[in-house]
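Me: I'm new to reading protein structures. Could you take me on a close look at the buried interior of this one, and explain what sits where?

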Amino acid sequence: MTFIRHLTALFLLIATCQITFAADGVPTIALPSIPDTLRTPQLRAAYLLHHFWDALDTNDSVSTARLLEENFATYATLFPIVDQEESDAAAATLLTKAQTSAGIYNETLATAEKYLAEPLSPVYNPEAFMAFLSAVTTQRFTDDARLQRYDALLSTLSANRPGAQCADFIIKLKGKPDTTLRGIINGIPTLLLFHDPECEDCSALISRMRTLPSLKDAIGSGNLQIVAVDLSGDEERWAADDSHIPSEWIDAFSPNAEVLNQEIYYIPRFPSLYLINADGTVLLRDTTLEKVSEALLH
(Lines give C-alpha, C1' and ligand atoms only; values in the text may rest on other atoms or scores of the structure.)
Protein backbone atom coordinates (compact mmCIF):
# COMPACT_ATOMS: atom_id res chain seq x y z
CA MET A 1 0.00 0.00 0.00
CA THR A 2 1.35 3.41 -0.89
CA PHE A 3 1.94 6.22 1.61
CA ILE A 4 -1.09 8.12 0.28
CA ARG A 5 -3.31 5.10 0.81
CA HIS A 6 -1.93 4.79 4.34
CA LEU A 7 -2.87 8.38 5.04
CA THR A 8 -6.33 7.89 3.61
CA ALA A 9 -6.97 4.87 5.80
CA LEU A 10 -5.68 6.71 8.84
CA PHE A 11 -7.81 9.82 8.27
CA LEU A 12 -10.88 7.65 7.92
CA LEU A 13 -10.10 5.94 11.20
CA ILE A 14 -9.46 9.21 12.97
CA ALA A 15 -12.88 10.34 11.84
CA THR A 16 -14.45 7.25 13.40
CA CYS A 17 -13.19 8.36 16.80
CA GLN A 18 -16.09 10.79 16.89
CA ILE A 19 -18.75 8.10 16.56
CA THR A 20 -19.70 4.81 18.17
CA PHE A 21 -20.15 1.35 16.74
CA ALA A 22 -23.16 -0.74 17.69
CA ALA A 23 -25.80 -3.10 16.46
CA ASP A 24 -29.34 -2.90 17.80
CA GLY A 25 -29.37 -3.79 21.48
CA VAL A 26 -25.58 -4.09 21.75
CA PRO A 27 -23.57 -1.70 23.97
CA THR A 28 -21.46 0.77 22.02
CA ILE A 29 -17.69 0.76 21.92
CA ALA A 30 -15.93 4.12 21.92
CA LEU A 31 -12.60 4.58 20.20
CA PRO A 32 -9.88 6.46 22.08
CA SER A 33 -8.77 9.99 21.30
CA ILE A 34 -5.29 10.04 19.80
CA PRO A 35 -2.85 12.31 21.67
CA ASP A 36 -1.92 15.42 19.69
CA THR A 37 1.75 14.72 20.40
CA LEU A 38 1.59 11.75 18.03
CA ARG A 39 1.93 13.38 14.63
CA THR A 40 3.11 10.80 12.10
CA PRO A 41 0.64 8.38 10.49
CA GLN A 42 2.58 5.41 11.83
CA LEU A 43 2.57 6.64 15.45
CA ARG A 44 -1.10 7.62 15.36
CA ALA A 45 -2.09 4.31 13.77
CA ALA A 46 -0.01 2.36 16.31
CA TYR A 47 -1.69 4.16 19.22
CA LEU A 48 -5.17 3.49 17.84
CA LEU A 49 -4.27 -0.13 17.10
CA HIS A 50 -3.11 -0.71 20.68
CA HIS A 51 -6.10 1.04 22.27
CA PHE A 52 -8.84 0.17 19.80
CA TRP A 53 -10.46 -2.35 22.16
CA ASP A 54 -9.90 -0.54 25.46
CA ALA A 55 -13.64 -0.07 26.01
CA LEU A 56 -14.52 -3.67 25.12
CA ASP A 57 -16.02 -5.54 28.09
CA THR A 58 -14.96 -9.12 27.53
CA ASN A 59 -16.96 -10.30 30.54
CA ASP A 60 -20.07 -10.12 28.36
CA SER A 61 -19.58 -12.90 25.79
CA VAL A 62 -22.62 -12.03 23.66
CA SER A 63 -21.83 -8.33 23.20
CA THR A 64 -18.11 -9.08 22.76
CA ALA A 65 -18.80 -11.42 19.85
CA ARG A 66 -21.10 -8.87 18.21
CA LEU A 67 -18.72 -5.97 18.70
CA LEU A 68 -15.75 -7.94 17.40
CA GLU A 69 -17.73 -8.83 14.28
CA GLU A 70 -18.89 -5.25 13.71
CA ASN A 71 -15.57 -3.52 14.25
CA PHE A 72 -12.78 -5.92 13.33
CA ALA A 73 -12.63 -4.87 9.68
CA THR A 74 -12.05 -1.25 10.73
CA TYR A 75 -9.41 -2.35 13.23
CA ALA A 76 -7.71 -4.47 10.54
CA THR A 77 -7.17 -1.48 8.23
CA LEU A 78 -4.57 -0.19 10.71
CA PHE A 79 -2.18 -3.13 10.39
CA PRO A 80 -0.70 -2.21 6.97
CA ILE A 81 0.34 1.18 8.36
CA VAL A 82 2.47 -0.12 11.24
CA ASP A 83 5.51 -2.39 11.35
CA GLN A 84 5.51 -6.06 12.37
CA GLU A 85 6.65 -5.31 15.92
CA GLU A 86 3.65 -3.05 16.51
CA SER A 87 1.36 -5.63 14.89
CA ASP A 88 2.68 -8.37 17.16
CA ALA A 89 2.19 -6.24 20.26
CA ALA A 90 -1.33 -5.19 19.27
CA ALA A 91 -2.45 -8.76 18.59
CA ALA A 92 -1.00 -9.92 21.90
CA THR A 93 -2.81 -7.09 23.70
CA LEU A 94 -6.20 -8.04 22.23
CA LEU A 95 -5.73 -11.75 22.93
CA THR A 96 -4.60 -11.05 26.49
CA LYS A 97 -7.77 -9.02 27.01
CA ALA A 98 -9.79 -11.92 25.59
CA GLN A 99 -8.50 -14.34 28.23
CA THR A 100 -11.58 -13.82 30.41
CA SER A 101 -12.78 -17.18 29.09
CA ALA A 102 -11.84 -19.83 26.55
CA GLY A 103 -14.98 -18.99 24.61
CA ILE A 104 -14.11 -15.31 24.23
CA TYR A 105 -10.51 -16.17 23.38
CA ASN A 106 -11.49 -18.62 20.66
CA GLU A 107 -14.13 -16.22 19.30
CA THR A 108 -11.49 -13.51 19.00
CA LEU A 109 -9.15 -15.85 17.15
CA ALA A 110 -11.93 -17.00 14.83
CA THR A 111 -12.80 -13.39 14.01
CA ALA A 112 -9.16 -12.54 13.31
CA GLU A 113 -8.87 -15.55 11.00
CA LYS A 114 -12.10 -14.67 9.19
CA TYR A 115 -11.00 -11.14 8.38
CA LEU A 116 -7.22 -11.49 8.04
CA ALA A 117 -6.70 -15.00 6.66
CA GLU A 118 -9.66 -15.37 4.28
CA PRO A 119 -8.48 -14.39 0.77
CA LEU A 120 -11.86 -12.92 -0.17
CA SER A 121 -11.91 -10.62 2.84
CA PRO A 122 -11.52 -6.92 1.91
CA VAL A 123 -8.91 -6.62 4.67
CA TYR A 124 -7.07 -9.88 3.89
CA ASN A 125 -3.63 -9.65 5.46
CA PRO A 126 -1.72 -12.87 6.25
CA GLU A 127 1.14 -10.85 7.76
CA ALA A 128 -1.25 -9.38 10.32
CA PHE A 129 -2.78 -12.78 10.99
CA MET A 130 0.70 -14.08 11.75
CA ALA A 131 0.79 -11.62 14.66
CA PHE A 132 -2.24 -13.38 16.15
CA LEU A 133 -0.78 -16.82 15.48
CA SER A 134 2.48 -15.81 17.17
CA ALA A 135 0.57 -14.56 20.19
CA VAL A 136 -1.63 -17.63 20.56
CA THR A 137 1.29 -20.04 20.24
CA THR A 138 3.13 -18.07 22.93
CA GLN A 139 0.20 -17.62 25.30
CA ARG A 140 -0.99 -21.27 24.94
CA PHE A 141 -4.41 -20.30 26.33
CA THR A 142 -6.58 -22.35 23.97
CA ASP A 143 -7.05 -26.13 23.71
CA ASP A 144 -4.47 -28.55 22.33
CA ALA A 145 -6.31 -29.24 19.07
CA ARG A 146 -6.48 -25.55 18.19
CA LEU A 147 -2.88 -25.02 19.28
CA GLN A 148 -1.73 -27.79 16.99
CA ARG A 149 -3.62 -26.26 14.06
CA TYR A 150 -2.34 -22.75 14.76
CA ASP A 151 1.24 -23.99 15.19
CA ALA A 152 1.07 -25.67 11.78
CA LEU A 153 -0.50 -22.61 10.16
CA LEU A 154 2.17 -20.34 11.62
CA SER A 155 4.88 -22.62 10.25
CA THR A 156 3.33 -22.47 6.77
CA LEU A 157 2.88 -18.71 6.88
CA SER A 158 6.45 -18.19 8.07
CA ALA A 159 7.82 -19.44 4.74
CA ASN A 160 8.31 -17.08 1.80
CA ARG A 161 7.39 -13.91 3.64
CA PRO A 162 8.08 -10.59 1.92
CA GLY A 163 11.75 -9.77 2.39
CA ALA A 164 12.79 -13.43 2.70
CA GLN A 165 14.47 -15.58 0.09
CA CYS A 166 12.00 -17.63 -1.90
CA ALA A 167 11.89 -21.37 -1.28
CA ASP A 168 13.25 -23.45 -4.14
CA PHE A 169 11.43 -26.39 -5.71
CA ILE A 170 11.68 -28.73 -8.70
CA ILE A 171 10.06 -27.58 -11.92
CA LYS A 172 9.28 -29.52 -15.07
CA LEU A 173 9.35 -27.69 -18.41
CA LYS A 174 8.05 -28.79 -21.80
CA GLY A 175 10.82 -30.03 -24.08
CA LYS A 176 13.56 -29.09 -21.61
CA PRO A 177 15.37 -30.77 -18.70
CA ASP A 178 13.91 -30.47 -15.22
CA THR A 179 15.12 -27.44 -13.34
CA THR A 180 14.37 -25.45 -10.18
CA LEU A 181 12.71 -22.13 -9.47
CA ARG A 182 16.06 -20.53 -8.67
CA GLY A 183 17.44 -21.88 -11.92
CA ILE A 184 14.63 -20.14 -13.77
CA ILE A 185 14.86 -16.85 -11.89
CA ASN A 186 18.57 -16.48 -12.65
CA GLY A 187 18.68 -12.72 -12.12
CA ILE A 188 15.29 -11.88 -13.65
CA PRO A 189 12.35 -10.51 -11.61
CA THR A 190 9.71 -13.22 -11.65
CA LEU A 191 5.96 -13.35 -11.22
CA LEU A 192 4.89 -16.79 -10.02
CA LEU A 193 1.37 -17.88 -10.86
CA PHE A 194 0.25 -21.01 -9.02
CA HIS A 195 -2.80 -22.40 -10.78
CA ASP A 196 -4.94 -25.38 -11.72
CA PRO A 197 -6.18 -25.63 -15.33
CA GLU A 198 -9.67 -26.59 -14.13
CA CYS A 199 -9.92 -23.53 -11.88
CA GLU A 200 -12.28 -20.95 -13.44
CA ASP A 201 -10.81 -18.11 -11.38
CA CYS A 202 -7.37 -19.09 -12.68
CA SER A 203 -8.52 -18.92 -16.27
CA ALA A 204 -10.12 -15.53 -15.65
CA LEU A 205 -6.91 -14.18 -14.12
CA ILE A 206 -4.78 -15.53 -16.97
CA SER A 207 -7.08 -13.77 -19.45
CA ARG A 208 -6.63 -10.49 -17.59
CA MET A 209 -2.88 -10.94 -17.38
CA ARG A 210 -2.57 -11.60 -21.12
CA THR A 211 -3.60 -8.04 -21.96
CA LEU A 212 -2.41 -6.05 -18.95
CA PRO A 213 -0.10 -3.29 -20.25
CA SER A 214 2.17 -3.21 -17.20
CA LEU A 215 2.93 -6.93 -17.54
CA LYS A 216 3.35 -6.82 -21.31
CA ASP A 217 5.72 -3.84 -21.07
CA ALA A 218 7.79 -5.42 -18.30
CA ILE A 219 8.12 -8.70 -20.18
CA GLY A 220 8.95 -6.90 -23.42
CA SER A 221 11.72 -4.89 -21.76
CA GLY A 222 13.21 -7.95 -20.09
CA ASN A 223 12.32 -6.69 -16.60
CA LEU A 224 9.91 -9.52 -15.79
CA GLN A 225 9.16 -13.13 -16.57
CA ILE A 226 5.98 -14.96 -15.69
CA VAL A 227 6.21 -18.55 -14.52
CA ALA A 228 2.85 -20.32 -14.48
CA VAL A 229 3.15 -23.38 -12.21
CA ASP A 230 0.52 -26.07 -12.73
CA LEU A 231 -0.33 -27.64 -9.35
CA SER A 232 -2.99 -30.05 -10.59
CA GLY A 233 -0.73 -33.09 -10.30
CA ASP A 234 -1.86 -34.25 -13.75
CA GLU A 235 1.38 -34.23 -15.73
CA GLU A 236 -0.09 -35.97 -18.77
CA ARG A 237 -2.75 -33.31 -19.21
CA TRP A 238 -0.23 -30.50 -18.65
CA ALA A 239 2.16 -31.94 -21.26
CA ALA A 240 -0.61 -32.18 -23.86
CA ASP A 241 -2.08 -28.69 -23.34
CA ASP A 242 -0.32 -25.94 -25.29
CA SER A 243 -3.16 -23.43 -25.35
CA HIS A 244 -3.76 -22.55 -21.72
CA ILE A 245 -0.60 -20.53 -21.03
CA PRO A 246 0.61 -17.67 -23.30
CA SER A 247 3.70 -18.58 -25.31
CA GLU A 248 5.73 -15.69 -23.87
CA TRP A 249 5.30 -17.09 -20.35
CA ILE A 250 7.09 -20.09 -18.86
CA ASP A 251 4.66 -23.01 -18.67
CA ALA A 252 5.83 -25.04 -15.67
CA PHE A 253 4.67 -28.05 -13.70
CA SER A 254 5.23 -29.09 -10.07
CA PRO A 255 5.72 -32.88 -10.00
CA ASN A 256 3.08 -34.51 -7.79
CA ALA A 257 1.93 -31.01 -6.84
CA GLU A 258 4.88 -30.92 -4.44
CA VAL A 259 4.58 -27.18 -3.84
CA LEU A 260 1.02 -27.61 -2.62
CA ASN A 261 1.20 -30.95 -0.85
CA GLN A 262 4.40 -30.17 1.03
CA GLU A 263 3.20 -26.62 1.78
CA ILE A 264 6.39 -25.12 0.34
CA TYR A 265 4.41 -21.96 -0.42
CA TYR A 266 1.39 -20.48 1.32
CA ILE A 267 -1.41 -21.02 -1.20
CA PRO A 268 -4.79 -20.56 0.51
CA ARG A 269 -6.67 -20.69 -2.79
CA PHE A 270 -6.20 -20.72 -6.57
CA PRO A 271 -4.92 -18.69 -8.26
CA SER A 272 -2.07 -17.38 -6.12
CA LEU A 273 0.50 -14.78 -7.22
CA TYR A 274 4.00 -14.25 -5.84
CA LEU A 275 6.28 -11.47 -7.05
CA ILE A 276 9.97 -12.30 -6.64
CA ASN A 277 12.90 -9.98 -7.18
CA ALA A 278 15.88 -10.77 -9.39
CA ASP A 279 17.92 -11.90 -6.37
CA GLY A 280 15.22 -14.32 -5.20
CA THR A 281 13.73 -12.05 -2.54
CA VAL A 282 9.97 -12.31 -2.12
CA LEU A 283 8.39 -8.91 -2.76
CA LEU A 284 4.69 -9.83 -2.64
CA ARG A 285 3.05 -13.09 -1.61
CA ASP A 286 -0.40 -14.43 -2.38
CA THR A 287 -1.11 -11.00 -3.76
CA THR A 288 -3.43 -9.33 -6.25
CA LEU A 289 -2.81 -8.35 -9.84
CA GLU A 290 -3.42 -4.73 -8.88
CA LYS A 291 -0.63 -4.79 -6.30
CA VAL A 292 1.71 -6.46 -8.79
CA SER A 293 1.01 -3.72 -11.33
CA GLU A 294 1.60 -1.06 -8.68
CA ALA A 295 4.92 -2.65 -7.71
CA LEU A 296 6.06 -2.82 -11.33
CA LEU A 297 5.38 0.88 -11.76
CA HIS A 298 7.72 1.68 -8.87
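Reply: Happy to! In this predicted model, a good starting point is cysteine 166, which counts as buried because its relative accessibility is 2%, and the cut-off for buried is under 20%. Cysteine 166 is also one of the contacts of tyrosine 265. Leaving aside neighbours within four places in sequence, the other contacts of tyrosine 265 are Asn160, Ala167, Phe169, Leu181, Leu192, Phe194, Val259, Tyr274 and Ile276.

Now let's widen the view. The largest nonpolar core has 68 residues, and Tyr265 is among those that touch the most other members, together with Phe72, Tyr75, Phe132 and Phe194. Helix α6, residues 126-139, gives the most to this core: eight residues. There is also a second, separate core of 16 residues, including Leu191, Met209, Leu224 and Val292.

Another cysteine to find is cysteine 202, buried with a relative accessible area of 0%. As for disulfides, the count comes to zero.

Finally, look at helix α10, residues 213-220, where Ser214, Leu215 and Ala218 are buried. Why do they share a side? They cover an arc of only 95° around the axis, so they lie on the same side of α10. As a general rule, an α-helix has 3.6 residues a turn, so residues three or four places apart point the same way. The buried residues of α10 pack against β5, α9, β6 and α13. On the other side of α10, Pro213, Asp217 and Gly220 are exposed. After α10 comes glycine 222, with a positive phi near 80°.

Conventions: Residues numbered from 1 in each chain as written. Predicted model: local features only at pLDDT ≥ 70, side-chain atom pairs only at ≥ 80, totals over all residues. Heavy atoms only, no water. Core = buried A, V, L, I, M, F, W, Y, C linked by side-chain atoms within 4.5 Å. Buried < 20%, exposed > 50% of the residue type's maximum accessible area, 1.4 Å probe, protein only. Helix = DSSP H or I, 4+ residues; strand = E, 2+ residues; numbered from the N terminus. Contact = heavy atoms within 4.5 Å. Arc of directions from axis to C-beta. Disulfide = S-S within 2.5 Å.
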